[in-house]
Amino acid sequence: MSTTHPRGFAAAAATAGLKPSGTPDLALVVNTGRSDAVAAVYTANRCKANPVLWSEQATADGRARAVVLNSGGANCYTGAFGFQTSHQTAEETAELVGASAQDVVVCSTGLIGVGGEDFRAKILAALPGLAADLAGTPAAGQAAARAIMTTDTVPKTVALDGPGFRIGGMAKGAGMLAPALATMLVVLTTDAPLSSGQLDAALRAATAATFDRLDTDGCMSTNDTVVLLSSGEGAEGDGAAVDEAAFARALADACADLAGQLHRDAEGAHHDIAIEVAGAATEEDAVAVARAIARSNLFKAAIFGEDPNWGRVVAQVGTTDAQFDPQNIDVAINGVQVCLGSAPHADPAEVVFARRVDVRVDLHTGGAAATILTSDLTHDYVEENSAYAT
């Protein structure tokens, strides 16, 4: 299941011809329920793609009925023509699904600079067939998730049930994974009858603790979008109230699930690394320290070579403004306490490496903790990204 798991949603996929591979590259998710509440979070990159600029306006009033997404081109830095492409895409989609253009979110992913006349023509030509194929089936949701893939190797979906509501979602992203929000497009759906304000609060809390802590390569995208739609058809279809706190917890779980899938599919990764910083004075300090370690090429290269070089870890701690005693730092790698009190402890040769690598740093300063997800720096990553545009 995917975005079609909650009541009141339909999805579809199509092949517009944007990808040289000829695989599906256009997806549509439509809310057919009694509510049109929406919340969305976008990239913090000041260089924003045209679909982001359009969608920020479209979701500003807390209402949306549809999300149309393409892979095979970012429509970023394609000038006024590119913004008009996003506008026309929204207009055509709105007419096909019986909505207003201002209630259509547009998302694009792919190479920056791609979004010319051929790009526009192919999308607009494919939209009628895409809308005609809308269905509320599991297969339709999965097809939409597959259509938004770029360098992803697998589609990423989630579906869960809460007390009186359901949540579904799909995501894409494998490279440029860094906050905010990590390089990705995410569409989340729910039938929980909540207002746009309630959705917004839950979404921002969830993304802050999940997607914003996924930092595989330190590179921030221009197209990041996370959108949450509510059909209001929850509580067995009668729109009865649901527990807002329970919904927020479930949404955080759904986002964590998708973030984990993005993490495991990161471009060229050989190791999935979780860096936990404990004993910090504040959560912000814990995040800052963990992120500094995650962005160290020396640390990432060491993990690629399965070298438990804890010196790469403590050196990065010292680059931050976090509160800590430089003489009282502990580091464990895959459960082996290689550094205790800022001095060598267990033999690093005892560290056993697998696909998953857990690094734990204790600052012994307070009670706060946070975890950042990252990946190693591999030959595969360099090779894939050295020829991405060619």
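**Loops and helix packing in a predicted model**

Biologist: What is the relative accessible area of Asn334?

Modeller: This is a predicted model in which local features need pLDDT of at least 70 and side-chain atom pairs count only at pLDDT 80 or more, while totals for chains, interfaces and linings use all residues. Residues are numbered from 1 along each chain as its sequence is written, and side-chain values use heavy atoms, with hydrogens and water left out. Asn334 lies in the loop between β11 and β12 (336-340), strands being DSSP E runs of at least two residues and helices H or I runs of at least four, numbered from the N terminus. Asn334 is partly exposed (buried being under 20% relative accessible area, exposed over 50%, partly exposed in between; 1.4 Å probe, protein chains only), at a value of 23%.

Biologist: Near what value is phi of His364?

Modeller: His364 belongs to the loop between β14 (356-362) and β15 (368-375), and it is partly exposed, with a relative accessible area of 42%. Most residues other than glycine have a negative phi. Phi of Asn334 is positive, near 50 degrees. His364 also has a positive phi, near 55 degrees.

Biologist: How many angstroms apart in space are Gln323 and Thr365, C-alpha to C-alpha?

Modeller: Gln323 sits in the loop between α10 (311-317) and β11 (330-333) and is partly exposed at 48%. Beyond its neighbours within four places in sequence, it is in contact with Ala281, Asp285, Leu363 and Thr365, contact meaning heavy atoms within 4.5 Å. Gln323 and Thr365 are 42 residues apart in sequence, but their C-alpha separation in space is 6.9 Å.

Biologist: Within what arc do the buried residues of α4 fall?

Modeller: Helix α4 (residues 138-147) has Ala140, Gly141, Ala144, Ala145 and Ala147 buried. These residues line one face of the helix, because, in directions from the helix axis to the C-beta atoms, they fall within an arc of 165 degrees.

Biologist: Which strands do the buried residues of α4 pack against?

Modeller: The strands come from several parts of the chain numbering, β1 (9-14) being one of them. The full set is β1, β2 (26-31), β4 (66-71), β6 (156-162) and β7 (165-172).

Biologist: At about what angle do α5 and α7 pack?

Modeller: Gln198, Leu199, Ala202, Leu203 and Ala206 in α5 meet Glu244, Phe247, Ala248, Leu251, Ala252 and Cys255 in α7. The axes of α5 (residues 196-209) and α7 (residues 244-264) are 9 Å apart, and the crossing angle is about 40 degrees.

Note on methods. Axes are lines fitted to C-alpha atoms, for helices over the stretch in contact, and angles run from 0 to 180 degrees between N-to-C directions.
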